[in-house]
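Colleague: I am new to this structure and would love a guided close look at how one chain meets its neighbour. Could you take me through that part, and then show me what lies around it?

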Amino acid sequence: MHTPALQVIIPLIAAPLCCLLPKSRLAWLFTTLVSLSTFAISVLLVWQVHSVGVIDYEMGSWPAPLGIKYHIDSLSAFILILISAIASITLLGARSIIEQEVSHRKHALFYTAFLLCLTGLLGIVATNDAFNVFVFLEISSLSTYALIAMGRNRKALMAAYEYLIMGTIGATFILIGIGLLYMQTGTLNMFDLHDRMPIIGGFNSVHAGFAFFTVGIFLKLALFPLHQWLPNAYTFAPSMVSVFLAATATKVALYLLYRVFYTVFGFEFSFSTLHLGAVLLPLSIVAIIVSSLIAIFQSDVKRLLAYSSLAQIGYMTLGVSLQTQAGLIASMINLFNHAFIKGALFMCLACLAYSIKTTSCEHMAGIAKTQPWVAAAFVVGGIALIGLPPTAGFISKWYIVLAVLETSWWLAIVVVLTSLLAVVYVWRVVEQMYLCHPIDNIQQGTPVPMMLLSCTWVMIFLSVYFGIDNRFPVRMATMAAEVLMP
Amino acid sequence: MSLFTLILASLCVPLAGAIVIFLSRRFSRIIEIVFVASAAVLLFITVSIFNFGSAIYHQTVELYPLIGDIPLAFHVEPLGLVYAGVASSLWLVTTIYAIGYMNANQEKKLARFYMCFCIAMMGVMGIAFAANLLTLFIFYEILTISTYPLVAHKENTEAKNGARAYLGLLLTTSIGFFLVSILWTWQVSHSLDFTIGGILAGKLSDGLTLVLFTLMVMGIGKAGLMPFHRWLPAAMVAPTPVSALLHAVAVVKAGVFCVLKITVYIFGIEVLQSTSANMIIVYIAAITMLLASLVAIQQDNLKARLAYSTISQLAYIVLGAALATSVSIVGASMHLATHAVGKITLFFCAGAIYTATKKTSIKDMRSIGYQMPYTMLAYTIAAISIIGLPPMVGSWSKWFLIDGALSSGQIVLAVAFLISTLLNIVYLMPIAINAFINKPASTEYQYQEAPKSLLIPLCMTALLCLLLFFLMPYFYEFLQRIP
Amino acid sequence: MMSLITDLYAYWISVLLMMVGLYIVIDHNNLFKKLIGLNIFQTSVFILFISMGKVDQGTAPILKDGFETFSNPLPHVLILTAIVVSIATTAVGLALVVSINKYYKTINESEIEAIEREQE
Amino acid sequence: MKKNPILRETSHLLIPAILLFALYVQFHGDYGPGGGFQAGVIFASAIILYALLHGVKSAEQVVSLNLAKTCAACGLLLYAGVGVVGMLWGGNYLDFNVLADNPIDGQHWGILLIELGVGLTVASVILAIFYAFTKFKK
């Protein structure tokens, strides 16, 4: 079976085809079909991983250390299905709003860039070659810069530029890390690298490589204090790009974190020899608190959600920093659930951006009267973000607090209390939507297209569904954690 | 019908009611019928569950594993039946009252209102029949969220602020303390099931049991213990049926019910007594009981006074639970029912007065008894019941509570109960007395009762206060099954 | 001490270039110059990679009789890819700078910030 | 351009040489230094040189922007397509051994075709970038 390769090359081949397509609508249809097929393949992969175990695929039939190997284990399959599912849902609803937000002659290029971004993200997860990771990272990043720059506001250009500078520095740091490791080991295959770690673990260059990896990944992950690029990028990107990025981009960076620090360097080296946990823990807590506090004071809801994403990233890295299997599982479950929740919330904002052409909080006053379905979706998504039962957010919170409790109870209290800050910023918007009077009466807004609205509700449904039946994410996360921390 | 179906039905009927109301939101007649019908069916279901008798107590009905191997599970036991019975029977009365009130006061967004009401009821039934803490917590939060729109119903600044305090406090306590303590319990005992005798025996040191118990009870913000009581008066901005059902019956009783349930089935009475883990909560409850009464005396707004009275009365129940003797537990669970009946009558009266005269201030209610004789008569009956004087039902529960305090050797607490009773008289009776003295000249008033749909429910509940007094011995036998 | 510098001169050069590049990226207000800084920064990494492929007395990695020691060709291949990436990055960056210039009439970062602040 | 006969004449001499060298690098790439990327850049540089000397318009008569874009896409498709052919003929993705009767020939063919794709894409992308920048108006 060629599923691991197909997973990546289908969108890759589709991208140039897409830019040759003449009509915007055709390009959309094509892109959507492609992303749906990647989703189908990822489902197949999950099923294969479930029945066979690990799947290896050698590119060009070159054996592993020499050639590039694709390696799908439960962790990769888990993230792959997440990315492709989000991409499919996003694209299904995207047509009308992209026609509104992106200038017409750029449509084919927009979808091409989207496909390339998808390729990059899927590739990072599928490949087992360190340098290949860098290449896919840059494919996804470069297309992301282009996607963000297509935003309607001219600030989008500056946001994309900032992201480009920071993203490139981050990726280059990762490249240096790869180089330093290669220098010591002469291999780029992740498992090969890991096998040689005991021999080379003491070298200074490996330590330096570790440091470069750490900074590079933190940059891509937008972990405090390296998060400056993220809020602007999410705020000014076209609405659907925000949905996709918020739900997937940082998640893939987190995947990279798992891979590099658990698979390549190994748990022992990363956490016992070099104390990554001691760096991650304070940073995560500061990220949670500071970002949540900043989110409370944002006047633009899109930016508010961006800061909330930063806080959520903090929860995910917090799980990692606990250095336990329970923490790792919690981190992965949060990764999965948060992707749907935040995707759903950004989707709501896309609906509103379509309808009233703005996402600023004050313009949302009384929107519940004109757009009841969107407002209701936002409320449900918000409840999930806060982490109340019976939504997916509650499951994440449950596992995180449980994992934190294993380590220390005061930290658990801190985590739980800071999570209450989410109540403040979510409810500020909800009150604005339901309990305030519109600032101008003419603000009726265009009706939201059915397709966009139903995709929003699919996301909302999923973020509730995974709160009621969480067997899939929990099982996958548990299996993945067992792979990473045997 | 099997127990499984019935329990599921008790959750699904209100939910189905909510869905039907949502679908037929444009037809006000239909939603009213559906609203009342779902309440009636729910009461029928509760009675059917009750009719199974003691054979089915503590039979767990598992749906499917929710988190890890903790299932979404339900069971029936006497305590839950009391709560479910009280809530579902009073819900039926309230539905009629609510429809009358909402129509008489020309409130808007009725479909949303009734829908949230139904979902809240689902939360209540879930709490009543939950077989483990996780299930309980989930429905607890469903109740919190679904009542938020009810509190904020008027959509003005006052409602917004009230609702904000309501949600803020309830979520802070439930997530900040309750959830943490649940997780802690899970970590210590690897079980969250409600088990007779508790699940924590010998798992924690005395000191930590004290911390956990305090944390958990304080986390149940719905029980209205000080200092987390502010949401109760804040939520009084809601339309009166909401205050009546949710803040005399469903929400606050959900709080004290949770306290009772964790006392009996998580910590276990013996454990609490042997470790003295209950002492902090006992004193917090006693202080709340007295302070809230004192504050109530100063309130001029009738609903606010009733709200503080509720805080004080809830503290009775928490105190009864925390004393952890079998007598006090019986007293507390009895008080859960008796106070519900009494307080809902009082709220109904407040709503009826508001509907008929638009008066909310107690100062303006002098000699209102001549204007609204039935309402004020009902008020007097309910007030006497709350105070705890025979021949009203409240006297029974108060008797057992004081007995419980005495039997555990806490003379101070028994005295506190008595002082509180005196305070009850001070803040409840003057209204009733003032209503019937100073008969004004006939030109200054006219006979002006609230509409029938408001008057009948409040008369019914007032009668219930009286009737239950004579039926209580039968229920006492039933309540004694609570270990 | 001297040997630390002379033996590892390739590293020192790449470290120097890296710092120069990063400094330009951080310090300059001109968006275009920032991109140049970024390029220098990336180039330093390329040099690091290529220098590590060098084997003492090694020749170009072409198979021919009489040559036994070869330089490692893999870093070159990797860096070729990285150069492509860097060109693409530069191209995207330049395109952004040109667009920014079109909409703001300036490519000075602080001036752009001033314009934005005025608008608010 | 008429004012600078030296430049013009030199370019006339150089451009064919550059193109030829590009092709040499391109097709020599499978067993010697070279390859599609370098060749593509060299090839594009010849046309850019032409555009610098004779104006973008006349360069666009040679290779238009649309043609460049199409070629870029086609080159990538060629690359990926060869990989898919390998997959269809029983190997893994990008497996060249199966492209011919024996693996060595197969590898030759594979590399040659792939490098052609790379060269095509690189040349046209570089050109497209060049055109894009020249066309930017304030």
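Modeller: Gladly! Let's begin where chain D meets chain A: the contact draws 15 residues from chain D and 14 residues from chain A. On the chain D side, the residues that touch chain A split into 8 nonpolar, 5 polar and 2 charged. Please keep in mind that you are looking at a predicted model.

While we are with chain D, have a look at its helix H1, which covers residues 5–28. At 1.5 Å a residue, its 24 residues should span 34 Å, and the end C-alpha atoms are indeed 34 Å apart, so the two values agree. H1(D) also has a kink of about 25° at D:Leu14, shortly before the proline D:Pro16. Which of its residues are buried? They are D:Ala22, D:Val25 and D:Gln26. These buried residues of H1(D) pack against two helices of chain D, namely H2 (36–54) and H5 (103–135).

Helix H5 of chain D also helps you find the next stop, D:Gly90, which sits in the loop between helix H4 (65–88) and H5. D:Gly90 has 9 C-beta neighbours inside 10 Å and therefore counts as exposed. From D:Gly90 to D:Trp109 is 19 residues along the chain, and their C-alpha atoms are separated by 16 Å.

Chain A also meets chain C, through a contact made of 25 residues from chain C and 21 residues from chain A. Three helices of chain C, H3 (31–53), H4 (74–104) and H5 (109–119), each supply at least two residues to the side that touches chain A. H4(C) gives the most, with 13 residues. By type, the chain C side divides into 18 nonpolar, 5 polar and 2 charged residues.

Finally, let's turn to the largest nonpolar core, which has 496 residues. Within this core, A:Ile148, A:Val401 and B:Val318 touch the most other members. Helix H14 of chain A (residues 325–356) provides the largest share of the core, 21 residues. In chain B, domain 1 (1–269) and domain 2 (278–483) both give residues to this core, so it lies between them.

To see the core from one residue, pick A:Val401. Leaving aside neighbours within four places in sequence, A:Val401 is in contact with A:Ala412, A:Val415 and A:Val416 in chain A, and with B:Leu179, B:Val180 and B:Leu183 in chain B.

Note on methods: Residues numbered from 1 in each chain as written. Chains lettered and ligands numbered in written order. Predicted model: local features only at pLDDT ≥ 70, side-chain atom pairs only at ≥ 80, totals over all residues. Contact = placed C-beta atoms within 7 Å. Nonpolar A, V, L, I, M, F, W, Y, C, P; charged D, E, K, R; others polar. Core = buried A, V, L, I, M, F, W, Y, C linked by C-beta atoms within 7 Å. Buried ≥ 20, exposed ≤ 12 C-beta atoms within 10 Å, placed from the backbone. Helix = DSSP H or I, 4+ residues; strand = E, 2+ residues; numbered from the N terminus. Domains from an automatic or database assignment. Expected span 1.5 Å × (residues − 1). Bend = angle between axes of the 7 residues up to and from the residue.
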